[in-house]
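Visitor: I would like a close look at a single part of this model, taken slowly and with its surroundings. Please choose one strand of the sheet and follow its neighbours outward from there.

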Amino acid sequence: MVTKIVVVDDNTFLIRTVEEKLSFFDDVSVKFSAMNGKDLIEKLDADHNLDLILMDIEMPKLNGIKATEIIKQKYPQIKIIMLTVFDDDENIFNAIKAGADGYLLKEVNPKDLYNGINETLEGGAAMTPSIAMKTLKLLRNPLAIKSMDEQESIKLTPREIDVLEQLSKGLSYSLIAENLFLSVGTIRKHIENIYKKLQVHNKLEAVQKARKNNLI
């Protein structure tokens, strides 16, 4: 039986590279490719008769992690291996959380890619050794996971970020109001909302947490 694969990457050269790596194996066939998550989902809605997706992470319109989340909800039977150059903790954590079944780096050789595909289809989790080590470290450090979870869940509006940036400069409420063309009362309301969302009690904590989570 031939394994039907889809390759998703915004770089056509890298799509061809993956296709060449898989061309050594007769029981694997690239059914089609897609240039981003949105393109992939549209193609899957027309035909989702496939076994596994090799998914890039950084893509325009819809990135690989968001696309994985959507596909796993719509077509849970399709296995997904992230095939990426990114091996940072946050991408690994978010990909696993989104439902990825494996995580390989693009430098993987043809044989290891083929073995990874088969391992994943048999219920395993294909991982480049360096990724497996990072995943183990993440699992052994629940505080790191909690921190990344927090980072993902904090959602501030553009206006709240404007207020926070002004606040981080040590400006008074009246000066912030003047700079943003708002009333002092509106600034107070924005700051109250910021404190709630960040789960802090004062300006210093708000600024520190916002910086830690790359909000400002």
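Guide: Strand β3, residues 52-55, runs parallel to β4 and is joined to it by four bridges, and within this pairing, which like everything here belongs to a predicted model, Leu52 has Lys79 of β4 as its bridge partner. To get from β3 to β4 the chain passes through helix α3, residues 64-74, and the resulting β-α-β crossover is right-handed. That connecting helix also lies across the two strands it links, β3 and β4, and runs at about 175° to β4; since angles over 145 degrees count as roughly antiparallel, α3 and β4 can be described in those terms.

On its other pairing, β4 meets strand β5, residues 102-105, again in the parallel sense and again over four bridges. Two positions help to place this pairing in the model: Met82 stands opposite Tyr103 in β5, and Thr84 stands opposite Leu105 in β5. With β3 and β5 both paired to it, β4 can be examined for burial as well: five of its six residues, which span 79-84, are buried, so the strand is largely enclosed by the rest of the structure.

Seen as a whole, the sheet is open and has five strands in the order β2-β1-β3-β4-β5, with parallel pairing. The edges are taken by β2, residues 28-34, and β5, each of which has a single partner strand, so one side of each is left without a neighbour in the sheet. From one strand to the next the twist averages 25°. Another helix, α2 (residues 37-46), lies across β1 (3-8), β2 and β3, and its direction makes an angle of about 120° with β2, so that β3 is crossed both by α2 and by α3, where contact means heavy atoms within 4.5 Å.

A further packing arrangement involves two helices, α1 (residues 12-22) and α5 (residues 110-121), whose axes come within 9 Å and cross at roughly 80°; the two are therefore roughly perpendicular to each other. On the α1 side the contact is made by Val18, Lys21 and Leu22, and on the α5 side by Pro110, Leu113 and Ile117. By character, these contact residues divide into five nonpolar, no polar and one charged.

Technical notes: Residues numbered from 1 in each chain as written. Predicted model: local features only at pLDDT ≥ 70, side-chain atom pairs only at ≥ 80, totals over all residues. Heavy atoms only, no water. Buried < 20%, exposed > 50% of the residue type's maximum accessible area, 1.4 Å probe, protein only. Pairing = 2+ DSSP bridges. Right-handed = clockwise from strand over helix to strand, strands pointing away. Axes fitted to C-alpha atoms, helices over the stretch in contact; angles between N-to-C directions. Parallel < 35°, antiparallel > 145°, perpendicular 65-115°, else oblique. Nonpolar A, V, L, I, M, F, W, Y, C, P; charged D, E, K, R; others polar.
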